[in-house]
Amino acid sequence: MMEEESVRPVIGLASATHSDPNTSNSFSFWLTPGVILNPFDIVEAEQVAHYGTSRTFGIVTTLEHTTDAPTHLTNFISSNFGDVNETPNTQRQGTMLARVAVLSNDKDIYMPVRTQAPIRFATPEGIRVALGIDEVPEAYRIPAGIIQMSNGTRAVAYLDRRYILGPEGAHVNITGISGLATKTSYAIFLIQAILQRAQAEEIGVIILNVKHGDLLRLDRPSPRGLSAEDYEMWEALGLEPKPFTDVRYLLPWGKDTHRTGQPNSFLVPADLGKVNLYAYSLQDTYDKLDLLLSHVPDPWDTLGALIGEVTMGLSDPNTGEWGPSGEWKDVSDWDSLLDGPPLVDEQGRAKRVKDVRPESVGRFRRIMRRIVKTRQSGLFVKQRPKIACNLSKEIAKIRGGETIVVDIAKLTDEEQTLVFGDILRTIYRLYAESAVEGEELPQKVIIFVDELNKYAPAREKESPIIEQILDIAERGRSLGVILIGAEQFMSAVHPRVVGNASTVVVGRAGSAELADSAYRALDPEVKANITRLQKGELVLSHAIYRQPIKIIFPRPTYHQEGAD
Amino acid sequence: MPNPLSDVLQALQALGAQVDFLPATGGAVEDLDLPDIDERVDNWLNYQERIFESIIESPSTGLYRRVEPIGRTVQHTFRYFLDGSLRSYFLGTAIEEDRDTPVHFAQLGAALVRRLDDGNVKVRRLEVEKALFLAKNRLSQVAWDGVARACQKVGIQIEDISQDDQITKHLSGQADLRNRTAGKVRYRMHMLETKIALAGLNELKDEEWLVVDGSLLFEILLSQLCQRESPRVIGVAKSFRRDPQFKVGKGVRAQRLNLTQLLAELKDCHRTAAFGARDGRVVFWYVRIRPQGAMDYPLMGVIKVEMANPSQGPVDTELVDFLSGCLVAERSVTPYGADRRWHACLYPIYLAEQAIKTSFLSDEVVRSGLRWR
């Protein structure tokens with residue numbers, strides 16, 4: 001180590017002053033002129049130890065340029081009272097000062113770094129120690145990106161699988177306005193890393209495609225191929241740059257599908273053998289009406305009560321499956337539900353249903369008619385044809401190693417909520433309730449959805465979809481159901497959903513957004529740096545890291561929209 | 001961490017073995033500088049002369065001359081800058097029989113900095129010494145020898161404040177020894193500056209000049225400079241005596257100006273004529289480096305420049321213009337806000353002073369390290 005240290009240049013010396021002391025948590029150092037350093041670079045300081053020396057690692061949070069000029073007026077006067085052409089005969093004394101947040105010490109010594117202690121860029125090995133990655137067994141390491149430092153040093157940022165897939169922690173939240181498809185690209189990259197590093201055959205993946213045809217060609221290689229730089233990154237991460245294998249696409253039924261056979265999607269995956277259509281008849285939906293009406297305010301629970309009556313009336317009392325009976329026996333599709341008995345009398349007026357008054361029944365009919373009839377995308381059908389599947393049954397068939405992409409890009413908001421809720425409820429029941437011996441379920445299921453704020457908004461107290469998401473967020477860790485959510489603004493997502501994510505990834509965000517309490521775990525300096533992130537740069541906060549780090553990641557290998 | 005002043009304590013213990021000691025209440029007390037000390041020193045060094053009659057330059061005979069700033073990027077002339085600094089403390093009173101002497105401790109130093117081509121400076125030489133100051137004539141030979149031997153052993157200086165020198169002789173008599181100490185410490189600092197200045201002169205390459213903070217009239221330095229042929233060194237004083245008078249013109253046009261009158265008419269980027277002092281061994285003039293309108297007082301923004309003149313003949317007007325132009329360019333940058341004399345301060349000199357001061361032990365360390373028990 002001594003020999004190595006003599007080779008690695010000292011980039012500055014620690015500096016403690018009367019008014020600005022170094023502490024167990026932070027230290028400052030001045031930089032040798034000519035050294036280029038940036039926030040998020042990881043440095044090491046020589047530190048005392050019981051035997052020999054130790055290394056205290058830290059991450060640069062802020063850089064300051066300080067001079068001996070007490071005021072700005074001093075500088076103004078120094079330029080001959082504001083002459084911009086005045087050349088300083090002597091350069092004013094100044095230095096670059098780096099503020100560093102302590103990450104760790106390799107001998108667990110958390111004494112403040114002493115003034116004049118030599119500072120160096122950390123090595124890749126040092127970075128692993130700094131972040132605590134060295135304590136994660138090799139088998140649990142999932143590459144999550146590359147730490148690129150100002151001196152050119154690169155190191156892989158590993159996540160601890162036990163904090164991604166459970167049991168120690170779970171879930172990933174990705175937020176930011178970083179740019180086109182950055183969040184989605186990162187989520188897909190991370191899923192690929194998980195599949196390649198964990199036992200893929202034990203993991204099932206469900207991906208919701210919410211925008212254009214972004215994720216409908218996951219199994220197709222990019223026509224452009226990878227740049228040399230991206231290839232290098234994949235290699236450095238120890239991952240194979242390849243598209244997904246074993247992918248199934250579930251695409252929604254549309255208004256014209258019965259005529260054209262085409263799904264209601266922005267594009268149709270090339271391999272039709274991997275494509276299934278899905279649609280919702282009343283029979284597929286009667287026990288999910290709460291999800292369909294999640295967005296409708298229902299302060300007195302009148303809609304909830306009526307939904308309960310409808311669901312009960314349309315269920316076989318013996319099996320709990322579809323089976324209208326009694327006054328509901330004539331209900332077979334959406335039209336007969338909304339326009340026939342028992343919701344409507346012979347004169348076509350809304351009727352009281354048990355304790356639910358006719359006015360509330362009327363409201364239910366109006367809302368439902370809008371959702372499933374007048375403004376629907378074609379997803380709701382009178383009777384589901386044979387070529388369209390029941391989504392929840394299709395999801396329930398998930399196998400280990402399989403990736404199911406569910407396209408909801410062209411659906412209305414209510415339809416999207418229904419589909420997402422249906423998936424969550426199906427998976428949750430599959431793991432939490434059925435648990436039948438011998439059932440071939442993957443050990444873990446990863447669900448990725450963008451625009452999470454639509455389904456779990458921050459300011460809504462409760463709704464069926466929020467409850468469903470909270471169930472996954474709070475209990476998914478132990479069940480093996482992992483949620484990877486993404487959104488533009490973390491402040492817009494329910495705090496319990498974000499709070500349960502043991503890994504948070506933040507792309508560029510505005511200062512107003514970062515002022516929200518959702519980001520209170522981040523230091524002000526880190527927040528300031530987040531406002532300046534470039535496209536493709538992310539700040540990664542993980543349960544085992546002492547401080548958030550900045551990473552880059554390679555372009556995905558699948559055929560992204562716009563790549564041709 | 002060991003006491004960094006254990007060497008001084010050893011010397012004091014040697015003294016304590018011979019005399020009684022009445023420590024200063026609360027430990028070492030820093031001596032405050034006399035008000036306008038630089039101005040006073042200029043007075044003391046220059047006390048023989050008050051009226052300056054001869055303009056000692058040629059060919060110009062005008063009282064004021066405009067000079068153009070000549071910056072580093074045009075011609076990098078001033079390469080070396082020298083300053084001295086001191087900090088002294090009253091430790092207590094040593095009492096032997098019916099005699100007593102104040103005991104002072106001082107840290108003093110001098111630094112020579114070199115300005116590089118890009119305008120940054122690097123410390124070239126820096127010497128800091130610790131010294132004890134006592135009145136020898138108030139102690140027995142045994143006591144003095146004891147403390148002197150101890151000082152020699154631990155490598156610190158000892159100075160006799162009862163002995164007159166070029167500065168101390170102007171201070172109050174033997175009765176106020178504490179007052180004399182201020183002069184003695186300053187004298188010691190000038191000695192150190194002289195040593196470093198002479199070493200600095202030997203480092204000068206062609207066309208390079210050394211700028212010394214303050215006056216060149218310190219006799220030990222001046223006599224050394226006058227033994228050389230055209231030493232490329234100037235002294236620049238931020239504060240200077242205000243009582244000199246200047247006799248200019250001849251015959252009926254002759255007039256006598258006091259300093260304020262002389263400098264009130266001195267415009268920005270102008271200099272006065274060069275006058276002779278010490279029989280022409282030194283020439284001096286004033287340069288206004290900042291516009292009078294931006295200052296509070298006519299004497300602000302003006303520096304006094306001294307140059308050794310071994311030939312004692314008239315100096316070349318062109319040289320004085322050139323040096324003055326180089327000095328005007330030194331107005332950028334300034335320690336405004338950090339030094340009350342910023343308006344006349346040369347920044348590299350300020351940096352040299354900072355280099356010394358940051359080498360001194362802090363007041364806290366001195367007070368704690370020299371606590372007399």
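Visitor: Where is A:Y286 found in chain A?
Guide: First off, keep in mind that this is a predicted model. As for A:Y286, its place is the loop between α7 (282-285) and α8 (289-292) of chain A.

Visitor: Is A:Y286 buried or exposed?
Guide: Count the other C-beta atoms within 10 Å of A:Y286 and you get 21. The cut-off for burial is 20 or more, so A:Y286 is buried.

Visitor: Which residues is A:Y286 in contact with, leaving aside its neighbours within four places in sequence?
Guide: Sitting in a loop of chain A, A:Y286 still has partners further along the sequence. Once the neighbours within four places are set aside, its contacts are A:V310, A:T311, A:L314 and A:W322.

Visitor: How many Å apart in space are A:Y286 and A:R477?
Guide: In sequence, 191 residues separate A:Y286 from A:R477. Going from C-alpha to C-alpha in space, the gap is 29 Å.

Visitor: Which residues of α9(A) and α11(A) make the contact?
Guide: The axes of α9 (residues 302-313) and α11(A) come within 10 Å and cross at roughly 80°. That falls in the 65 to 115 degree range, so the two helices are roughly perpendicular to each other. The contact is made from α9(A) by A:T302, A:L303 and A:L306, and from α11(A) by A:S360, A:V361 and A:F364.

Visitor: How do the residues of that contact of α9(A) with α11(A) divide into nonpolar, polar and charged?
Guide: Look again at the residues that α9(A) and α11(A) bring together, A:L306 and A:F364 among them. By class, the contact has four nonpolar, two polar and no charged residues.

Visitor: Which residues does a cis peptide bond join in chain A?
Guide: Most peptide bonds are trans. One cis bond in chain A has an omega of about 10°, and its second residue, A:P342, is in the loop between α10 (334-339) and α11 (358-374). The pair it joins is A:P341 and A:P342.

Visitor: Where does B:P59 lie in chain B?
Guide: A cis peptide bond, with omega about 10°, links B:S58 to B:P59. The strands to look for are β4 (57-58) and β5 (64-66) of chain B, and B:P59 lies in the loop between them.

Visitor: Is A:K354 buried or exposed?
Guide: A:K354 is no glycine, yet it has a positive phi of about 50°, and it belongs to the loop between α10 and α11 of chain A. Within 10 Å it has 11 other C-beta atoms. Exposed residues have 12 or fewer, so A:K354 is exposed.

Visitor: And is B:C269 buried or exposed?
Guide: B:C269 also has a positive phi, about 60°, without being a glycine. The loop it lies in runs between α6 (259-264) and β14 (270-272) of chain B. With 20 C-beta neighbours inside 10 Å, and burial starting at 20, B:C269 counts as buried.

Visitor: How many Å apart are the end C-alpha atoms of helix α7 of chain B?
Guide: Helix α7 of chain B has 13 residues (317-329), and at 1.5 Å a residue it should span 18 Å. The model agrees with that, as its end C-alpha atoms are apart by 19 Å.

Visitor: Which element gives the most to the side of domain 1 of chain A that touches domain 2 of chain A?
Guide: Centre to centre over C-alpha atoms, the two domains are 39 Å apart, and 13 residues of domain 1 are in contact with 12 residues of domain 2. Elements giving two or more residues to the domain 1 side are β4 (53-67), β5 (94-105) and α3 (124-131) of chain A. With four residues, the one that gives the most is β5(A).

Visitor: How many residues does the contact take from domain 1 and from domain 2 of chain B?
Guide: Chain B is divided into domain 1 (1-30 + 85-194 + 360-368) and domain 2 (37-77 + 207-332). Their centres are separated by 33 Å. Domain 1 gives nine residues to the contact, and domain 2 gives 11.

Visitor: By class, what does the side of chain A that touches chain B have?
Guide: The contact between the chains takes 18 residues from chain A and 22 from chain B. On the chain A side, the classes are five nonpolar, 10 polar and three charged.

Terms used. Residues numbered from 1 in each chain as written. Chains lettered and ligands numbered in written order. Predicted model: local features only at pLDDT ≥ 70, side-chain atom pairs only at ≥ 80, totals over all residues. Contact = placed C-beta atoms within 7 Å. Nonpolar A, V, L, I, M, F, W, Y, C, P; charged D, E, K, R; others polar. Expected span 1.5 Å × (residues − 1). Axes fitted to C-alpha atoms, helices over the stretch in contact; angles between N-to-C directions. Parallel < 35°, antiparallel > 145°, perpendicular 65-115°, else oblique. Domains from an automatic or database assignment.
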